[in-house]
Amino acid sequence: MVKEIERAGIPVVHICTVVPISLTVGANRIVPAVAIPHPLGNPALSKEDEKALRKQLVLKALKALETEVHGQTVFDK
Amino acid sequence: MIKVVHYINQFYGGIGGEEKADIRPEVREGVVGPGMALQGALGNDAKIVATIICGDSYFNENLEEATEEILQMVKNYEPDLFIAGPAFNAGRYGVACGTICKAVKEKLNIPVVSGMYPENPGVDMFKKDIYIIETANAATGMRKALPAIAKLGMKLAKGEAIGSPAEEGYIARGVRKNIFREERGSKRAVNMLVAKLKGEPFETEYPMPDFDRVAPNPAVKDLKNAKIALVTSGGIVPKGNPDRIEASSASKYGKYDIEGVMDLTQETYETAHGGYDPVYANQDADRVLPVDVLRELEKEGVIGKLHRYFYTTVGNGTSVANAKKFASTFAQELVADGVQAVILTST
């Protein structure tokens, strides 16, 4: 799906836990996530901390969308 | 006697389904689950001395650590052959089988074989490194897969010559060998063409590699005024799954209006995905589809607007052809709606 969206001309960032799969599939902007059943959350945290964590990940994804890339790039910092 | 160690996931190990996918590796003496039939296929010259079981999510979330732990377990048995799976079309299981096979082969110098459906992501990741027997997409193909895995495994363990992918049933690794043929190339090419014109089967001698890569689009220039859409393969749907998107092998996607929705709650949204433990997503679907924080960022002016609709499907054994079809269809809608960027989340 990432590839078809990219092909249509829309930049897309893939937030996912298993980065090697995303690389194999062909995503260009990749942001590693927390865990398979809760990529953008962590049930062990308090509601507030969890939301802060999610916001941080989404901001990282937005940053990736604002960054020019020339090939597959993993935004893991 | 050829000593074999077999790797399987928590499901085939009889430990549990998705709720147990986070278990750490453990080792059992002898055969477990499909190991029994595998032992039958291997015959009397080989013995499965141990079975290693690991949760698919644990392995994929801790690739390096899990590989290291399992390598140690394999090493203790000093096997002559390592078999993983078969994983059929289970993505995380395939990645686990491929990763551990590659490590056992390279670090311990033990022959390895696995089995997967060609669309399993583990195939593209590891087909160059290891022998992967081509299987059906589901466990119904077990009876056919095990004899082929056993046969190739025994050949590898005995150091016998390995035939072509078509002869042995493994997925082509991209290895080319020089061989002598009875007929010269021009004749073979014409024969192939004639067969093709007649609609008869023929086997190309040089399949073209399939590099389906899409170059990245330019970055978003003006995020503050950009319309951002959310897409997910994590199966988030309005409570009750109104379009009945299948829990696996999805044949459709959903498009849902989130105008005015500030937060996905337990009462309003859930996941239709059958390939991961749904507890966390059902409690709070924002953990998969971050509507709540995008609404905040919209209010704060970080982004222009969150697109009115999100698109969703279940990425669980769903065919590549279907996923491609879904996305090429809705991508046109996204373009027409003036969406400037997409955040796609996967579980």
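Student: Why does Arg28(B) count as partly exposed?

Tutor: In this predicted model, Arg28(B) has a relative accessibility of 30%. Buried requires under 20% and exposed requires over 50%, so a value of 30% falls in between and Arg28(B) counts as partly exposed.

Student: What makes the pair of Arg28(B) and Glu26(B) a salt bridge?

Tutor: The distance from N to O between the two side chains is 3.0 Å. The cut-off is 4 Å between a side-chain nitrogen of Lys or Arg and a carboxyl oxygen of Asp or Glu, so the pair of Arg28(B) and Glu26(B) qualifies. Glu26(B) is partly exposed, at 29% relative accessibility.

Student: How do you know that Lys187(B) forms a salt bridge with Glu183(B)?

Tutor: The closest N and O atoms of Lys187(B) and Glu183(B) are 3.1 Å apart. That value is within 4 Å, so the rule is met. At 39%, Lys187(B) counts as partly exposed, and Glu183(B) is also partly exposed, at 33%.

Student: Which residues do salt bridges with shared partners join into one network?

Tutor: That network consists of Lys3(A), Glu4(A), Arg7(A), Asp212(B) and Lys324(B). Within it, Arg7(A) forms a salt bridge with Glu4(A), with the closest N and O atoms 2.9 Å apart.

Student: Why are Arg7(A) and Glu4(A) separated by about one helical turn?

Tutor: Arg7(A) and Glu4(A) belong to helix H1 of chain A (residues 2-7), and they are about one turn apart because three residues separate them in sequence.

Student: Is Glu4(A) buried or exposed?

Tutor: Its relative accessible area is 9%, which is under 20%, so Glu4(A) is buried. Arg7(A), by contrast, is partly exposed at 40%.

Student: How many salt bridges are there between chain B and chain A?

Tutor: The count between chain B and chain A is eleven, and over all chains the count comes to 25. One example is the pair of Glu296(B) and Lys55(A), whose closest N and O atoms are 2.9 Å apart.

Student: What does H11(B) give to the side of chain B that touches chain A?

Tutor: H11(B) gives nine residues, the most of any element on that side. In total, 60 residues of chain B and 50 residues of chain A take part in the contact.

Student: How much area do chain B and chain A bury between them?

Tutor: The two chains bury about 4,700 Å², and 67% of this area is on carbon and sulfur atoms. Val214(B), Asn217(B) and Arg287(B) supply 15% of the area that chain B buries against chain A, more than any other three residues.

Student: What makes strand S1 of chain B largely enclosed by the rest of the structure?

Tutor: Strand S1 of chain B (residues 2-9) has eight residues, and seven of them are buried, so the strand is largely enclosed.

Student: How many bridges join S1(B) to strand S3 of chain B?

Tutor: Eight bridges join S1(B) to S3(B) (residues 46-54), and the two strands run parallel. At least two bridges are needed for a pair, so S1(B) and S3(B) count as paired. Ile8(B), for example, has Ile53(B) as its bridge partner in S3(B). S1(B) is also joined to strand S4 of chain B (residues 81-88) by four bridges, again in parallel, and there Tyr7(B) stands opposite Ala84(B).

Student: How do you know that Cys54(B) is in no disulfide?

Tutor: The count of disulfides over all chains is zero. For Cys54(B), the nearest cysteine sulfur is that of Cys97(B), 10 Å away. A disulfide needs sulfur atoms within 2.5 Å, so Cys54(B) does not qualify. The reasoning carries over to Cys97(B), whose nearest cysteine sulfur, that of Cys101(B), is 6.3 Å away.

Student: Why does Cys97(B) count as buried?

Tutor: Its relative accessibility is 0%, which is under 20%, so Cys97(B) counts as buried. Cys54(B) is likewise buried, at 0%.

Student: Why is Tyr131(B) called buried?

Tutor: Tyr131(B) has a relative accessible area of 15%. This value is under 20%, so Tyr131(B) is buried. The residue lies in strand S6 of chain B (residues 131-134) and touches several residues, including Val112(B), Leu152(B), Tyr170(B) and Arg173(B).

Student: What makes the side chains of Tyr131(B) and Arg173(B) a polar contact?

Tutor: The distance given for the two side chains is 3.3 Å. The cut-off for a pair of N or O atoms is 3.5 Å, so this pair falls within it.

Technical notes: Residues numbered from 1 in each chain as written. Chains lettered and ligands numbered in written order. Predicted model: local features only at pLDDT ≥ 70, side-chain atom pairs only at ≥ 80, totals over all residues. Heavy atoms only, no water. Buried < 20%, exposed > 50% of the residue type's maximum accessible area, 1.4 Å probe, protein only. Contact = heavy atoms within 4.5 Å. Buried area = accessible area lost by both parts, 1.4 Å probe. Polar contact = N/O pair within 3.5 Å; in protein donor to acceptor, adjacent residues only side chain to side chain. Lists of a residue's contacts leave out its neighbours within four places in sequence.
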